[in-house]
Amino acid sequence: MTTEAVFNGRFSFEFFPPKTDKGTEKLRQVREQLATRNPDFFSVTYGAGGSTRDKTFSTVKEVKQAGYQVAPHLSFGGDDSDAVLELLTQYQQQGINRIVALRGDLPSGVGPQAHLVYASELVAFIKKHFGDAFHLEVACYPESHPDSANMDKDLEYFKQKVDAGADSAITQYFYNADAYFYYLERTQKLGIDIPIYAGIMPITNFASLQRFSNMCGAEIPRWIGKQLEAYGDDLESVKAFGLDVVTDLCETLLEGGAPGMHFYTMNQVEPTLSIWDNLGLNNVTPA
Ligand code: FAD
């Protein structure tokens with residue numbers, strides 16, 4: 001797309017809570033630069049097992065106080081109901097009205113005996129205690145969640161989240177647009193009618209993308225992997241190729257009817273901003 005097109009969809013940028021003062025300062029700058037593109041909201045992840053509870057909270061609070069819409073990610077993460085209730089109450093007091101509700105994963109080193117609470121249970125819990133006070137986002141997996149026995153089961157559990165009260169969903173990242181469109185078809189047949197926003201992961205480093213994709217079950221198509229491999233340490237070529245690939249993916253998704261996109265920014269400005277600017281879109285509907 002060469003001219004600036006009006007975008008009526010929704011788009012959002014995801015951050016993780018920084019661990020250091022330097023990271024916190026950098027994120028402030030990242031946030032301000034990304035804010036110039038008028039996102040509908042920022043979101044802030046929640047570490048496995050609740051490991052970033054305080055950092056997520058302080059990051060969310062700061063983004064909110066800077067005047068932006070922000071959605072904390074949340075899971076039970078080993079906490080009891082009272083602790084989750086307290087955190088949600090604190091978010092409500094901060095004027096937060098959107099939550100990304102997740103099961104999450106176990107932190108490494110924790111045995112399989114530890115109890116994970118399914119996202120559908122968290123959605124039901126929030127609905128029970130807070131009614132419609134929060135817009136509830138959930139995760140979904142066009143290429144199936146790695147723990148799922150099969151796609152049918154995966155969809156069945158996704159539907160449970162929707163039936164429990166989820167208002168919209170954000171996908172795991174993927175590089176195969178057909179997987180997303182096929183997933184939309186399957187969800188429609190099941191009567192799932194909430195918007196499903198495409199999760200977009202910019203490509204900047206092959207080794208870390210491979211590691212991450214192995215963990216979360218996202219496929220790197222062979223032609224992409226082979227090309228990234230061929231670039232080796234030539235990071236500039238990796239980035240340029242990644243930008244082309246992900247821009248094309250976003251164009252295909254939007255042309256095919258995706259209601260919007262959620263960018264996994266990895267707290268970096270340039271990869272996300274380059275894709276956004278390449279698309280030449282002008283967001284007109286910030287929340
Ligand atoms: P669920 O929807 O509960 O599903 C987890 C698994 O259990 C799936 O295989 C599902 O099919 C199965 N399942 C669900 N219900 C049942 C049931 N009743 N019986 C049997 N099986 C069932 N991780 C983090 O740690 N922090 C984050 O901030 C974070 N943010 C994310 C944001 C997005 C948009 C996405 C897509 C993922 C995010 N993740 C995050 C990763 C996510 O936590 C993992 O993928 C996790 O393994 C599953 O979380 P979920 O909410 O999808 O779980």
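**Ligand shell and the H4–H5 pair**

Student: Which residues come nearest to the ligand in this predicted model?
Tutor: The ligand has 23 residues around it. By class, ten of the shell residues are nonpolar, eight polar and five charged. Those that come nearest are Tyr46, Asp105, Tyr141, His145 and Lys161.

Student: How far is a polar side-chain atom of tyrosine 141 from an oxygen atom of the ligand?
Tutor: Polar contacts to ligand oxygen include one from the backbone of glycine 104, at 3.4 Å. Lysine 161 offers a side-chain N or O atom at 2.6 Å from a ligand oxygen. For the polar side-chain atom of tyrosine 141, the distance is 2.6 Å.

Student: What percentage of the 990 Å² that the ligand exposes when taken alone does the protein bury?
Tutor: The 990 Å² refers to the ligand taken alone. Of that area, the protein buries 86%.

Student: Which element gives the most residues to the shell around the ligand?
Tutor: Two elements give two or more residues to this shell: H5 and strand E7 (168-171). The one that gives the most, with four residues, is H5.

Student: Are helices H4 and H5 roughly parallel or roughly antiparallel?
Tutor: The axes of H4 (residues 119-130) and H5 (residues 151-164) come within 8 Å and cross at roughly 0°. Angles under 35 degrees count as roughly parallel. H4 and H5 are therefore roughly parallel.

Student: Which residues in H5 are met by H4?
Tutor: On the H4 side, the residues are Ala119, Ser120, Val123, Ala124 and Lys127. The contact as a whole has four nonpolar, two polar and two charged residues. On the H5 side, the residues are Gln160, Lys161 and Ala164.

Key:
Residues numbered from 1 in each chain as written. Predicted model: local features only at pLDDT ≥ 70, side-chain atom pairs only at ≥ 80, totals over all residues. Heavy atoms only, no water. Axes fitted to C-alpha atoms, helices over the stretch in contact; angles between N-to-C directions. Parallel < 35°, antiparallel > 145°, perpendicular 65-115°, else oblique. Contact = heavy atoms within 4.5 Å. Nonpolar A, V, L, I, M, F, W, Y, C, P; charged D, E, K, R; others polar. Near = heavy atom within 4 Å. Polar contact = N/O pair within 3.5 Å; in protein donor to acceptor, adjacent residues only side chain to side chain. Areas by Shrake-Rupley, 256 points an atom, 1.4 Å probe, with all protein chains shown as cover.
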